[in-house]
Amino acid sequence: MNHHYCPLCYAEIPIGAIVCPACGRDIEDWERHTPYYDRLIWALKNPHSEVRMGAILSLQNHGREAAAGPLAECAMGWPIDVVQGMAIVAAIAKLPDGAEKTAALRQLQQHEAHAIRVAAGELLAKKGADHYGHST
């Protein structure tokens, strides 16, 4: 393999390219000045599933509720990748509770894959039960 993808526009570019020939952005400058968390969010759009999966797991470990929305968007954007979608549900489950997490789980209840819809619904139901002091 003698190419990789621009981290900004995901055009195929030669290894070692400093400037993307497609979007014209300075790749090294972007990588140097963009916080790691923001690059993880951006990586959720990468065309390689293994790059997306790495970003999903890293975002889960970062534990920021704000990641819930971008994670749900990633699942919706790659509906055929059910393994990735289930990893996203698991990642969202480990994020702190809040409005963004709830909105992301509701969005995932509209996913094409039945397993993802069910898993998101179960998390919402558990969250509701926990909120009202009930155990499941």
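Patches, as the word is used here, are built from residues with over 30% relative accessible area and no salt bridge, with like charges joined within 9 Å and nonpolar side chains (Val, Leu, Ile, Met, Phe, Trp, Tyr) joined within 5 Å. For charges, Lys and Arg count as positive and Asp and Glu as negative, while His and the chain ends are left uncounted. Each charge is placed at NZ of Lys, CZ of Arg, CG of Asp or CD of Glu. On those terms, Asp26, Glu28, Asp29 and Glu31 form a negative surface patch.

A word on the model itself comes next. It is a predicted one, in which local features need pLDDT of at least 70 and side-chain atom pairs count only at pLDDT 80 or more, whereas totals for chains, interfaces and linings use all residues. Numbering starts from 1 along each chain as its sequence is written, and side-chain values use heavy atoms, with hydrogens and water left out.

As for the overall build, the protein chain has seven helices and two strands; these are DSSP runs numbered from the N terminus, with helices (H or I) of at least four residues and strands (E) of at least two. Starting at the N terminus, the order is β-β-α-α-α-α-α-α-α. The C-alpha trace spans about 55 × 30 × 20 Å along its principal axes. Of the 136 residues, 38% are buried, where buried means under 20% relative accessible area, exposed means over 50%, and partly exposed is anything in between (1.4 Å probe, protein chains only). The accessible surface comes to about 7,600 Å², and carbon and sulfur atoms own 56% of that; areas come from the Shrake-Rupley method with a 1.4 Å probe, and for residues only the protein chains shown count as cover. Contacts (heavy atoms within 4.5 Å) also reach along the chain: among those with a separation of 6 or more, 47% join residues 24 or more positions apart.

Back at the patch, Asp26 sits in the loop between strand E2 (12-14) and helix H1 (27-33). With a relative accessible area of 34%, Asp26 is partly exposed. Across the whole chain there are 12 positive and 15 negative side chains, and the centres of the two sets lie 5 Å apart.

Some of these charges pair up. The structure holds two salt bridges, each being a side-chain nitrogen of Lys or Arg within 4 Å of a carboxyl oxygen of Asp or Glu. One joins the side chains of Asp81 and Arg52, at 3.7 Å from N to O. Asp81 belongs to the loop between helix H4 (68-77) and helix H5 (82-93) and Arg52 to helix H3 (residues 49-62), so this pair ties together parts 29 residues apart in sequence. Asp81 is partly exposed at 21% relative accessible area, while Arg52 is buried at 3%.

The other bridge links Lys101 and Asp97, whose closest N and O atoms are 2.9 Å apart. Lys101 is part of helix H6 (residues 99-108) and is buried, at 6% relative accessibility; Asp97, at 55%, is exposed. Leaving aside residues up to four places away in sequence, Lys101 touches Glu65, Ala68, Ile92, Ala93, Leu95, Pro96 and Lys127.

One backbone detail remains. Most residues other than glycine have a negative phi. Tyr10, not a glycine, has a positive phi of about 65 degrees. Tyr10 lies in the loop between strand E1 (3-5) and E2, and at 14% relative accessibility it counts as buried.
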